[in-house]
Amino acid sequence: MFRLHAALFATVVLLAAGQLVPAHADAGKAPVATPATTPMSDLAERYFERWLAFNPLSATQSVGDARFDGVFVNNLSALHREQVKAWLGDTLRELDQIDPAGLSDAERLDHALLRDQVSLDLEGLAHRSDWLPINQMDATPITLVQLASTHQQQPFKTVSDYERFLTRLAGLPGWMDQAIVNMRAGMAAGVVQPRILMQRVLPQLRSQIVTDVRKSGFHVPIARMPAHFSKADRQRLTQAYRQLIQREIVPSFRRLHDFIEREYLPRCPTSAGIGAVPGGEAYYAYLVRLNTSTNLGPDAIHAIGLREVARIRAEIDALRQRVGFEGSYQAFLASLNTNPMFRPFRHESDVIAAHKAIRRKVEPKLALLFGRTPRSPLDIRAEPAITRDTAAAHYSIGTADGSRPGVFYDPVPRPREYTTPQMTALFLHEAMPGHHYQLSLQQELPLPRFRRYSEGNNAYVEGWALYAEGLGVEMGVYDDPYQYLGRLLMEMHRAIRLVVDTGMHAKGWSRERAIAYSLDNEGGPEQAIVPEIERYMAWPGQALGYKIGELKLLELRRRAEAQLDQRFDIKAFHDQILLDGAMPLAMLEARFEAWLARQPR
């Protein structure tokens, strides 16, 4: 999973004339952009600059643009929504004034991609996601805790770095108070989160309601302050951070926590899907299109999922027989969680070390399949403690200049229960040649910045990562049947998502029915399945992109193999798929067909 760290848009400081200006605008340098020489490239650059200003957390986390490190998000106000709507509408009107027929092939693609992105974002504003501002997977307060406590994406190297984050942090209480206002509006309209998700949020918020400010996640930068800071700066920053935490941050966490516990939670339903709330059916239909970049409806996707589950289940059962396991399908899957052979770990660090060993096995074989490799380094880390119990394994993109590596995060809440069979497939998905390859190469392409740093086109991004898991067969890294079984179970997991996501959000399935369906087809343990089902509840439609995208990539590959036969070059195929970065599947297919038509017959 590629984690999208920030909400779609963020409020910025406004001058009286309406110009968007980030706080500390002179801090750091913006990534160097190709000079704008045409109306299309000029529009693309202006769009991206405004996007950065509306998305300062993404500017810090995904782009590494230090100009925005002191800007805070307040994306919940009515004024903010109006500003975003006006900006997107203006962009769409400018696009419509540019005739694609007069553009180069590259700029026609820029035009089509930007128009698709802006149109989807405009459509999304019609749905009141601002009434659902927080869940256990994605919450601005917790994102800021992670930025403060991990020292990975928000820089804390200079006195100015510390001052910028302090400015950013000062905006958080206002966001949380606005969240309460918006959630009350949602309550009045019947648009509220499922009860279980809010029960998961409460401990996250409670972790920052401290009496000793030194136990706050926001105090970590003070505890790790560089030794070269002067005594005066150390004292000044320590006092400023502690006062803000004690007087503003802790009380705002308490207000939000108590509101959810006492007022919001009793109004939350036990139902699992967004389809149960007013407007939810239309919102889910939008999210399905957004996350699959297709016109497939929930019923069609549900049917595809059922077929894929049956196909993969038959292959797992055949493997069960090949390894000589005499019990049932269910007993076979249960054995993966009870056999000590598959549970060798004692500490979190043991799991990370095992991932690094897999990397040493995979990395030398990538040259067999790829003509290009990313320059960006890769790191492997355990998930931070605050989200360890609710997070799934995920990838966090580095910076294009290599100053910050891409990171594969794996949550390991219970090392002794962590099993080995799926580890190779997981590494291929999150790291190499999955997210790290695709996203890092995209950053290095000579593309407009809105494409290099795109956070959209989920079906392409996650479809590629799932497709990458299958490449382990060609690389020969599934060198024992249980690692290959892990790969099948990972694929089964994504097929199940098509069934349970549409089941909960479009067909009225309960959380318990979704858990039971998952356990029946991919086994347990149940404590691993439950957070996954709750993730799908929190992010309707997001989990659909994986299998839909993978199936399209496999279809394109089969077509290339059939037409080119002995002349099929796997490196050329992969380079073509990755050539232009992430895009909707229909655009990818059209460009692939044009490439295939140019190949000698």
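A residue is called partly exposed when its relative accessible area falls between the cut-offs for buried, under 20%, and exposed, over 50%. By this rule Arg311 is partly exposed, because its relative accessible area is 36%. The structure described here is a predicted model, and Arg311 makes a handy starting point for a walk through its charged pairs and its core.

Arg311 forms a salt bridge with Glu315, with 4.0 Å between the closest N and O atoms. Both residues belong to helix 12 (residues 298-322), where a spacing of four residues puts about one helical turn between them. Glu315 is likewise partly exposed, since its relative accessibility is 27%. The pair does not stand alone: Arg311 and Glu315 are part of a network of salt bridges that also links Glu308, Arg487, Glu491, Lys547 and Glu550.

In the whole structure there are 50 salt bridges. Side chains of opposite charge can pair when their charged atoms come close. Another pair is that of Arg236 with Asp233, whose closest N and O atoms are 3.0 Å apart. These two residues are three apart in helix 10 (residues 231-264), so about one helical turn separates them. With a relative accessible area of 38%, Arg236 is partly exposed.

A further salt bridge joins Asp580 to Arg591, at 3.1 Å between the closest N and O atoms. Asp580 sits in the loop between helix 23 (570-578) and helix 24 (585-598), whereas Arg591 is in helix 24, so the pair ties together parts 11 residues apart in sequence. Asp580 counts as buried because its relative accessibility is 15%, while Arg591, at 24%, counts as partly exposed.

Turning to the interior, the largest nonpolar core comprises 182 residues, and Met198, Phe218 and Ile316 have the most contacts inside it. Helix 19 (residues 481-506) is the element that gives the most to this core, contributing 12 residues. Once neighbours within four places in sequence are set aside, Ile316 is in contact with Tyr329, Phe332 and Leu333, and also with Leu485, Leu488, Leu489 and Met492.

A smaller detail concerns Ser77, a residue of the loop between helix 2 (56-63) and helix 3 (78-96). Ser77 counts as buried because its relative accessibility is 16%, which is below the 20% cut-off. A polar atom of the Ser77 side chain lies 3.0 Å from the backbone nitrogen of His80.

Technical notes
Residues numbered from 1 in each chain as written. Predicted model: local features only at pLDDT ≥ 70, side-chain atom pairs only at ≥ 80, totals over all residues. Heavy atoms only, no water. Core = buried A, V, L, I, M, F, W, Y, C linked by side-chain atoms within 4.5 Å. Buried < 20%, exposed > 50% of the residue type's maximum accessible area, 1.4 Å probe, protein only. Contact = heavy atoms within 4.5 Å. Polar contact = N/O pair within 3.5 Å; in protein donor to acceptor, adjacent residues only side chain to side chain. Salt bridge = Lys/Arg side-chain N within 4 Å of Asp/Glu carboxyl O.
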